Amino acid sequence: MNQPRPGLPMVPSTLKTLLLLAAVFILYLLLHVPPPHVPQLLLPEPHEAATVPLPTSSHHLLFAIASSAGSLSRRAPYLRLWSTSARAIIFVDSPPPPDFSLAALPPIAVSSDTSRFPYTFLRGLPSAVRVARIVKEAVDRNESDVRWFVFGDDDTIFFVDNLVRTLSKYDHDLWFYVGSNSESYEQNESSWFDMAFGGGGFALSHSLAKVLAGVLDSCLMRYSHLFGSDARIFSCLAELGVGLTHEPGFHQVDIRGNLFGMLSAHPLSPLLSLHHLDSVDPFFPNMNKSQALEHLFKAVNIDPARILQQTVCYDRLNLLTISVAWGFSIQVFEGNLLLPDLLPLQRTFAPWRRGKNIGLSHYMFNTREYPKDPCKRAAVFFLQSVGSNDDGVWSNYTRDVVGNCQQTGAIKNLEQIRVFSQKLKFDIEQL
């Protein structure tokens, strides 16, 4: 008979049976019972991926342009210049007379009657109310896939690709009011310094535009005493707690005459718009206004981001300073000039308000003298031609001879300059 080993307790048979049954039950659970429910959010389907929004393109911008039956035919050349690459609607006060030249323009919409809105500004234009309501009329059309509404006048030219790049910096689902004030201190002083001037154009994110459209009619009733449409929009946005996001590429152009000083020293920011084209001289010599704008757009269409961007370089051997405003002009100065001395705008233009002494006017930028004696000015070269190929972009500039000036040295026989560059592509962080 076998005896149990000393020190080990005996295990009863009933206990053995229970342990065996427990093991069998656990095995059954592992093989036949499904795992506990896990929330579906924690277990996404492997084929499902988060939707990534497409980058902002010209398709996402809707331009709403204020015009009139009386001005549309006259301003049509400006509109055709830029609107072919844009999504735009032209708002007029009444149907324009038949004109075959209007066929190439964007769709034309007749604005609603605004006679019920008061307008009490003396010597002002009640049409300012209609122009302000274009914001509501553009939004109420319920156009699809609009991220930004851009507003301007029929004598404004927009640089669409640059606007797309610039507005891409901002979240269109948030409230943004983007534009710029006037170049004229007096014009800003008579309204607000932080108001986007409507002729230079401004942009509203779709989220803000929809909210503004919902309250605009009631808001307009409170501002009958204001002069312009842009002052009304500014005031209604102020009530919503929205301030201006300033982009210096919008240009109201509240100056007159020769814009050479402004265009040849543009800020290092993409050119977005130019307004008041009826009040300025042709940009290039020996051309009318339409020809000069078409000539500028030859460069715009090849490298829009680089247009008017200023680059300064030095020829130390010949003691020359070269200032390039790409796609427009080159100035060659004798001597090596300091860069900060070239940044102020040369006063080639006249004040916006007529009769005001040019020397007493004030601007929102620094200016410097433009010599009356052409022989004391830099040698100026204007864009002649521009092209591109796989190797990059080339542009030719031809000297504009003014006066009978006796010159010596390297600049004497300089008649043409060629510039080679690569197409400029901004990162959002650079804008």
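Biologist: In strand β7 (residues 202–205), are the residues on both faces buried or exposed?
Modeller: This is a predicted model, where local features need pLDDT of at least 70 and side-chain atom pairs 80 or more, while totals for chains, interfaces and linings use all residues. Numbering runs from 1 along each chain as its sequence is written, and side-chain values use heavy atoms, without hydrogens or water. In β7 (strands are DSSP E runs of at least two residues, helices H or I runs of at least four, numbered from the N terminus), Phe202 and Leu204 sit on one side and Ala203 and Ser205 on the other. Both faces are covered, and these four residues are all buried (under 20% relative accessible area, 1.4 Å probe, protein chains only).

Biologist: Which residue in β7 is the bridge partner of valine 150?
Modeller: β4 and β7 run antiparallel, joined by four bridges (strands pair if DSSP finds at least two). Valine 150 has its partner in β7, and that is alanine 203.

Biologist: What stands opposite alanine 203 from β6?
Modeller: Strand β6 (residues 177–179) also runs antiparallel to β7, with two bridges. Opposite alanine 203 stands valine 178.

Biologist: Which element gives the most to the lining of the largest pocket?
Modeller: That pocket (an open set of 1 Å grid points where a 1.4 Å probe fits, with protein on both sides within 12 Å along at least five of seven lines) has a volume, the space filled by probe spheres on the points, of about 1100 Å³. Its lining (residues with an atom within 4 Å of a point) counts 44 residues, with Asp153 and Phe227 among the closest to the centre. Elements giving two or more include β4 (148–153) and α3 (127–140). With seven residues, the top contributor is α3.

Methods. Buried means under 20% relative accessible area, exposed over 50%, partly exposed in between (1.4 Å probe, protein chains only).
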